[in-house]
Structure formats: structure tokens, C-alpha cells
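Work through the exercises below with the structure open beside you. Try each task before you read its solution.

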Amino acid sequence: MKDIGNLQEFSDKLLCVAPMMAWTDRHCRTFHRLIAPHAWLYTEMIIADAICFGRTSRLLEHGDHEQPVVLQLGGNDPLILSQAALAAETNGFDAINLNVGCPSDRVRQGAFGACLMLQPKLVAECIKHMCDAVSIPVTVKCRLGVDNHASYGKLADFVGYVSEAGARLIVVHARKAILTGLTPAQNRDIPPLDYSQVRQLKSDFTSLSIVLNGGLNDTATVKEVLSWADGVMIGRAAYRNPVFLRELDAGLYPGKHRDNFQSLLNQYMAYMERELHQGTRLHEMTRHLFGLFSGLPGARQYRRYLSEHARLRDAGVETFVRACSEVERRAA
Ligand SMILES: Cc1cc2nc3c(=O)[nH]c(=O)nc-3n(C[C@H](O)[C@H](O)[C@H](O)COP(=O)(O)O)c2cc1C
């Protein structure tokens with residue numbers, strides 16, 4: 001593993017893996033837990049109504065081995081959110097996070113996600129109801145603002161309302177959301193990042209935990225941010241390059257027992273074996289491992305082998321082993 005310097009001076013800070021729809025499912029979180037034993041893992045956003053009126057236990061499915069794990073909720077109804085939060089607590093989640101950052105059309109039409117930044121009093125009511133219903137922490141993930149309503153003053157007002165309502169931790173994706181004309185993917189790249197507003201929040205709300213998210217994909221920047229923030233949340237870089245996630249966890253929390261890379265793979269293979277017996281398809285689990293060897297000779301052949309073979313109906317763990325041998329063969 002690369003020497004990534006003295007991140008250990010920040011070992012009291014939080015490392016979080018971002019909620020990512022269709023990516024951070026329970027298989028992905030199982031893999032991330034092996035890679036980063038001390039990170040806080042977030043679920044994909046789950047709509048509160050679906051938890052209250054749908055297949056609750058399926059939606060809240062997760063393993064004890066994933067902990068600490070945070071359930072991210074989408075919604076805008078204080079009562080429904082508080083019922084969903086209670087279901088999450090009862091099912092063993094360690095914290096709740098309210099999504100106030102998603103800009104998708106579907107979410108906007110439901111009047112939640114990023115557009116809730118324009119309704120700080122409603123968000124505060126939602127937080128208060130959830131805090132009254134559960135004893136686990138209730139947190140918020142938001143943007144810097146939306147459309148033309150993005151100023152530091154408005155952001156600080158929003159944070160003031162939700163922290164007074166009981167949120168003790170806010171994750172800020174450090175760019176505004178543009179609600180018309182951009183896809184969710186463009187909304188993760190086009191509005192410029194501005195870490196300085198998040199830093200200002202930390203100075204103005206000293207007792208609130210502030211976690212910065214957005215564009216963190218190198219150790220030097222993570223280190224700089226941790227010099228003033230309470231934590232970092234990594235999204236795409238953690239998913240696409242698990243080795244980066246592993247290096248951050250090892251750099252921040254040194255001295256703890258850490259399995260070697262082969263042992264991690266063996267543990268994930270044992271997990272896949274168990275899941276295959278329960279009817280999970282191999283591809284559902286290996287799709288999160290496409291970035292495993294990124295940058296190494298043979299990585300392309302590894303990915304190609306997996307894409308061609310892991311979807312086959314009877315594909316078993318040996319398909320994954322065979323894909324890995326593409327990398328080993330080229331390294332030899
Ligand atoms: C595929 C994908 C799905 C996402 N789904 C969610 C989500 O369900 N809830 C949420 O708050 N953010 C979601 N995000 C945004 C991330 O949590 C994060 O805020 C964003 O990617 C910026 O962080 P990064 O630059 O480290 O990737 C998603 C991002 C991606 C790439």
C-alpha cells in the first residue's frame with residue numbers, strides 16, 4: 001500500500017462513503033466494509049413512503065457486518081419520515097440522513113430532495129419529528145443552494161433551522177443544484193465546487209459536525225479539508241477506485257488490525273458464495289468490483305471477462321476467480 005502521509009493526525013474525524021442510488025446497495029456496502037473497516041457507509045436513498053407503505057423489511061435489508069451504516073431517507077412529510085426513521089432504528093441502522101440534495105425530476109416532482117432547501121422550516125419540522133421518534137442521530141445531506149437561491153446567507157439560515165430542530169451533523173455537497181436543464185449526473189459536475197462556504201459554516205456553527213462532500217479524489221485535498229471539517233464523504237472516487245478508499249481508511253485509522261488484500265477478496269468470495277446459495281446472481285455482487293484493479297495491467301481484461309461471464313445464469317465464484325487471474329497473469 002502507498003505511503004499516504006500523516007493522515008493519522010485526523011483519526012478523530014469521520015470518513016463516510018456517500019449514498020449512491022443503484023450503487024451503494026447491501027453488496028456494495030459489504031465490499032466497502034471489508035475495504036474500509038472504519039468508514040460510515042450510507043445506503044441509497046429510500047423513499048420514506050415506501051418504507052411505511054411498501055415492503056419494509058426488504059427495503060431495510062442489511063447485515064450487522066455493514067455497521068456503522070446510515071439509512072438515507074427521501075421525503076417531506078414529518079409524520080411519514082418519523083415512522084420511517086423509527087422503522088430504521090428498530091431494524092438496526094446507526095443513524096438517519098435526510099436527502100436535501102437530489103436534483104432529479106422525479107424527486108423534484110415529489111417535492112423533496114434539493115428543492116427542500118427552499119423550505120427550511122418544513123425541513124426543520126421533519127427533523128424535529130424524526131428526532132422525537134428515535135434516539136439514533138438524525139442528520140441532513142444538502143447542497144450549497146438551488147438555482148438562483150444560492151447565497152451563503154440562505155445556506156446559513158437553512159443550517160440554522162435544521163440544527164436548532166435537532167440535526168447534529170450536516171453533510172454538504174459543496175456545489176449548488178440546478179433544478180431545470182441539467183441531469184442528475186451533470187448536477188454532480190457542472191455547478192462549480194466551493195469548499196469555502198462549507199468552511200465558513202464550520203466557523204459559524206462550531207458545535208455542529210460538518211462533513212464535506214464533492215470532488216474529493218486525492219489524499220492531499222482530503223487532508224486539507226480535514227484540517228477544518230469534521231469529516232469527509234467520498235462518492236464516485238470510493239466506488240470507482242476502492243484502493244483509494246482503502247488507503248484513506250488505513251491512513252486515518254492506523255494501528256488497527258487490517259487484513260491483506262487477498263484476505264479481503266477471500267472474505268468477499270465467501271460472502272458471494274453464501275448469497276449465491278440464497279438466489280442472488282453473481283453479477284449483482286461483482287458489478288461493484290469493476291474498479292478493483294484500476295490502473296493495473298490486466299484490469300481491462302478483468303472487467304471484460306466479468307462483463308461477459310458474470311451475468312450468465314449459472315455463474316459462480318469461480319467466474320470471479322478466473323477474471324482476477326487476468327490481472328495476475330499480466331503481473332507475473
Ligand atoms: C450513481 C450515483 C447515485 C447517487 N445517488 C445519491 C443518493 O441516492 N442520495 C444522495 O444524497 N446523493 C446521491 N448521489 C450523490 C453523491 O452522494 C455525492 O453527493 C456526489 O456524487 C458528489 O460526491 P463525489 O464527488 O465524491 O462523487 C449519487 C451519486 C452517484 C454518482
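**Exercise 1. Two alanines in loops**

Task: Decide whether Ala-22 is buried, partly exposed or exposed. Then find its place in the chain and check its phi.

Solution: The model is predicted.
- Step 1. Ala-22 has a relative accessible area of 40%, so it counts as partly exposed. The buried class needs under 20%, the exposed class over 50%.
- Step 2. Ala-22 sits in the loop between strand E1 (14-17) and helix H1 (26-35).
- Step 3. Its phi is near 70 degrees, a positive value in a residue that is not glycine.
- Step 4. Most residues other than glycine have a negative phi.

Now do the same for Ala-111. Its phi is positive too, about 60 degrees. Ala-111 lies in the loop between helix H5 (105-109) and helix H6 (120-133). With a relative accessible area of 30%, Ala-111 is partly exposed.

**Exercise 2. A cis peptide bond**

Task: State which form the peptide bond from Gln-67 to Pro-68 takes, and locate Pro-68.

Solution:
- Step 1. Read omega for the bond from Gln-67 to Pro-68: it is near 0 degrees, and the bond is cis.
- Step 2. Set that against the general rule: most peptide bonds are trans.
- Step 3. Pro-68 belongs to the loop between helix H3 (56-59) and strand E3 (69-74).

**Exercise 3. One face of a helix**

Task: List the buried residues of helix H8 (residues 195-204). Then explain how they are arranged around the helix axis.

Solution:
- Step 1. The buried residues of H8 are Tyr-195, Gln-197, Val-198, Leu-201 and Lys-202.
- Step 2. Viewed down the H8 axis, these buried residues fall within an arc of 160 degrees, so they line one face of the helix.
- Step 3. Recall the helix repeat. An α-helix has 3.6 residues a turn, so residues three or four places apart point the same way.
- Step 4. Ask what the buried residues of H8 pack against. The partners are helix H7 (152-165), strand E6 (169-173), strand E7 (209-213) and helix H9 (219-226).

**Exercise 4. Two buried residues of H13**

Task: For Leu-282 and Thr-286, work out burial and contacts beyond four places in sequence.

Solution:
- Step 1. Thr-286 is in helix H13 (residues 282-286). Leu-282 is found in H13 as well.
- Step 2. Thr-286 has 0% relative accessibility, so it is buried. Leu-282, at 2%, also counts as buried.
- Step 3. Thr-286 touches Met-272, Leu-306, Ala-310 and Phe-320.
- Step 4. Leu-282 is in contact with Met-272, Leu-276, Ala-310, Ala-315, Gly-316, Val-317, Thr-319 and Phe-320.
- Step 5. Compare the lists. Met-272, Ala-310 and Phe-320 appear in both.
- Step 6. Check a distant residue. Arg-55 is 227 residues from Leu-282 in sequence, and their C-alpha atoms are 24 Å apart.

**Exercise 5. The whole chain**

Task: Test whether the radius of gyration of the chain agrees with that of a compact globule. Then describe the chain as a whole.

Solution:
- Step 1. A compact globule of 332 residues would have a radius of gyration near 20 Å; the chain has 20 Å, so the two agree.
- Step 2. Along the principal axes, the C-alpha atoms fill a box of roughly 60 × 45 × 40 Å.
- Step 3. Count the elements: 15 helices and eight strands.
- Step 4. Of the 332 residues, 54% count as buried.
- Step 5. The chain exposes about 14700 Å², and carbon and sulfur atoms supply 50% of that area.
- Step 6. Take the 37 positive and 35 negative charges: their mean positions are 5 Å apart.

Notes: Residues are numbered from 1 along each chain as its sequence is written. This is a predicted model: local features need pLDDT of at least 70, side-chain atom pairs count only at pLDDT 80 or more; totals for chains, interfaces and linings use all residues. Side-chain values use heavy atoms; hydrogens and water are left out. Helices (H or I, at least four residues) and strands (E, at least two) are DSSP runs, numbered from the N terminus. The radius of gyration is taken over C-alpha atoms; the globule rule is 2.2 Å times the number of residues to the power 0.38. Buried means under 20% relative accessible area, exposed over 50%, partly exposed in between (1.4 Å probe, protein chains only). Accessible areas come from the Shrake-Rupley method with a 1.4 Å probe; for residues, only the protein chains shown count as cover. Lys and Arg count as positive and Asp and Glu as negative; His and the chain ends are not counted. The place of a charge is taken as NZ of Lys, CZ of Arg, CG of Asp or CD of Glu. The arc is that of the directions from the helix axis to the C-beta atoms. Contact means heavy atoms within 4.5 Å.
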